[in-house]
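Colleague: Mind walking me through how some of the helices pack in this one? I'd like to hear the reasoning along with the results.

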Amino acid sequence: MDMTVYENGIIYVGQGALVESIAVANGKIKGCGSTIEISAQFPKARKIDLQKKLVLPTFIDAHTHFLSYCIKQNQIDLNGLMSAQLCLEKIRAHVKKIPAGGWIKGSGWNHNLWDPSHYPTHHDLDEISKEHPICLDARDYHSAWCNSKALEMAGITSLSTWNNTGEIVKDHSGQPTGIIKEEARQLIWNVMGADSVKSRVESLRAGQHLAFQNGLSGVGCMETMEDWEAYQFLHQNQELKLRVAFYWPIRYLEDAIKLGMKSGSGDETLIFAGMKIFLDGTLGSQTAHMLEPFEGSSNHGTEIISQKDADDFVLRAAESDIACAIHAIGDGANRKALNAFEKAKSSFRNNSLRQRIEHAQIIHPTDIPRFAELNVIASMQAIHIPEDIDSANKYWGARARYAYPFRSLLQSGATVALGSDVPIETCNVFDGIYAALKRTRRGDLESWYPEESMDLKEIIHAYTVGAAYATGEEKLKGTLEPGKAADFMILSEDIFAIAPEEIPNLYVERMFIAGEEVYAR
């Protein structure tokens, strides 16, 4: 057995424990303790001196669209741009590189950051090009901004209607503005065409390093079946190093049941984790489903499916040992998700199913204890907080007190798993840690509802043990205890010894998955 001992370090095993050395063989942790203890236990092992560097268990991003993030690297990124003009300048520069007729794709625009806040229109994009079809997703990926060419190709005119969830936004004269919301975006997608599985494989193969350089050994993926095929292809060819827990869209539930899929099916690299259900939209698009209307309006947001349908999906899945991950932003959607889990709980044959609510962004205070009571995991994204503060205050008013209620959930006994929701944000976990710790924009002194902050060890727990528990993989990963996967990283500095303001400047020096070095800075 080829044994390697990493010694003379500050090794955070997890759960608050620190040791000096770990022994690794066959992809697993074989021992941990003081340098003297491990050296005596494994005298013939190869030794690597950590030189007092901090070692952490690798992070797990509980909620991603990771392949979309890989694909996005070749598209326009409008994240963080504070005006429509800045967005247009970046779009114009990109269009110059693309032959006429080629699709211009991108994402990240956030009209809530602009002063004054306003939705853009197709006229803005038409001034750049009427020869290229342009479709740009909003930061929350629940609205698209299109030019006239894209609208024309999709057959969207003043006479167009959309009877399902979503909206073709029109101006006072009944003309499409270029903003398409929620499922109505399917009209654009139908003519845009999807990336081939081959191109997805190429993007994923090239993009795994984006996870590794941020200390991520694993991701929870909420993506398409074409994406699932890409992950499978890489895995079958032994090119997938990232550990992936994949959730299929709920419309494939019956297919999963017929195939005998159960949550946890797979191996240590790629598992089928469950089904993904959407209940509402987002804060930024004002489509989150709310118990009371958004401030100053009669708008309760978008209710994508009924309570009955949510109940039926969760029960049907649970009867086949399949967990559900339910997208719920608004307090109305969170209540509906909890109701569905509660109604089905007595019928679950498998009470170990890891039922989850994705985002849990604003929760009515009376519903917070129900997460622990029902053993529902709160899969949340603190990294959104800096950009969401103004929108939450504007659209939710005093209710924003219970937006991102980390402390309240933890005090109730709930499990919190943290992630990024890439490509909405980057997968920079250190930015996410800072956001959960300080609940503010970098450089701002005042925290936003600081009583809901988490402490550093709680945050790391949520990015490791919490995220592993959320997919039923806590026996494999999340800590560096003997018997678990040798997934660990060496950091540039000791995260426990530096000021919070320095945490976003940290970086990963070396990264190991199953004992194999997958990244070195």
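Colleague: How do α10 and α11 lie relative to each other, and why?

Modeller: Keep in mind that this is a predicted model. The axes of α10 (residues 307-319) and α11 (residues 331-345) come within 8 Å and cross at roughly 45°. An angle that is neither under 35 degrees nor in the 65 to 115 range falls outside parallel and perpendicular. The two helices are therefore oblique.

Colleague: And which classes of residue make up the contact of α10 with α11?

Modeller: On the α10 side you have Gln307, Ala310, Asp311, Val314 and Leu315, and α11 brings Lys336, Asn339, Ala340, Phe341, Lys343 and Ala344. Sorted by class, the contact of α10 with α11 has two polar, three charged and six nonpolar residues.

Colleague: What about α7 and α8, which hand does their crossing have?

Modeller: Helix α7 (residues 197-212) and helix α8 (residues 225-236) have axes that come within 9 Å and cross at roughly 60°. That makes α7 oblique to α8. As for the hand, the crossing of α7 and α8 is right-handed.

Colleague: Which residue of α8 that meets α7 is also among those touching the most other members of the largest nonpolar core?

Modeller: From α8, the residues meeting α7 are Glu226, Asp227, Glu229, Ala230, Tyr231, Phe233 and Leu234. In the largest nonpolar core, of 105 residues, those touching the most other members are Phe66, Tyr231, Phe371, Trp396, Leu418, Ile433 and Ile495. Phe66 touches residues including Leu204 and Tyr231. The name found in both lists is Tyr231.

Key:
Residues are numbered from 1 along each chain as its sequence is written. This is a predicted model: local features need pLDDT of at least 70, side-chain atom pairs count only at pLDDT 80 or more; totals for chains, interfaces and linings use all residues. Side-chain values use heavy atoms; hydrogens and water are left out. Axes are lines fitted to C-alpha atoms, for helices over the stretch in contact, and angles run from 0 to 180 degrees between N-to-C directions. Helices (H or I, at least four residues) and strands (E, at least two) are DSSP runs, numbered from the N terminus. Angles under 35 degrees count as roughly parallel, over 145 as roughly antiparallel, 65 to 115 as roughly perpendicular and the rest as oblique. A crossing is left-handed if the near helix is turned anticlockwise from the far one by less than a right angle, and right-handed if clockwise. Contact means heavy atoms within 4.5 Å. A nonpolar core is a set of buried Ala, Val, Leu, Ile, Met, Phe, Trp, Tyr and Cys residues joined through side-chain atoms within 4.5 Å. Buried means under 20% relative accessible area, exposed over 50%, partly exposed in between (1.4 Å probe, protein chains only). Ala, Val, Leu, Ile, Met, Phe, Trp, Tyr, Cys and Pro count as nonpolar, Asp, Glu, Lys and Arg as charged, and the others, Gly among them, as polar. Lists of a residue's contacts leave out its neighbours within four places in sequence.
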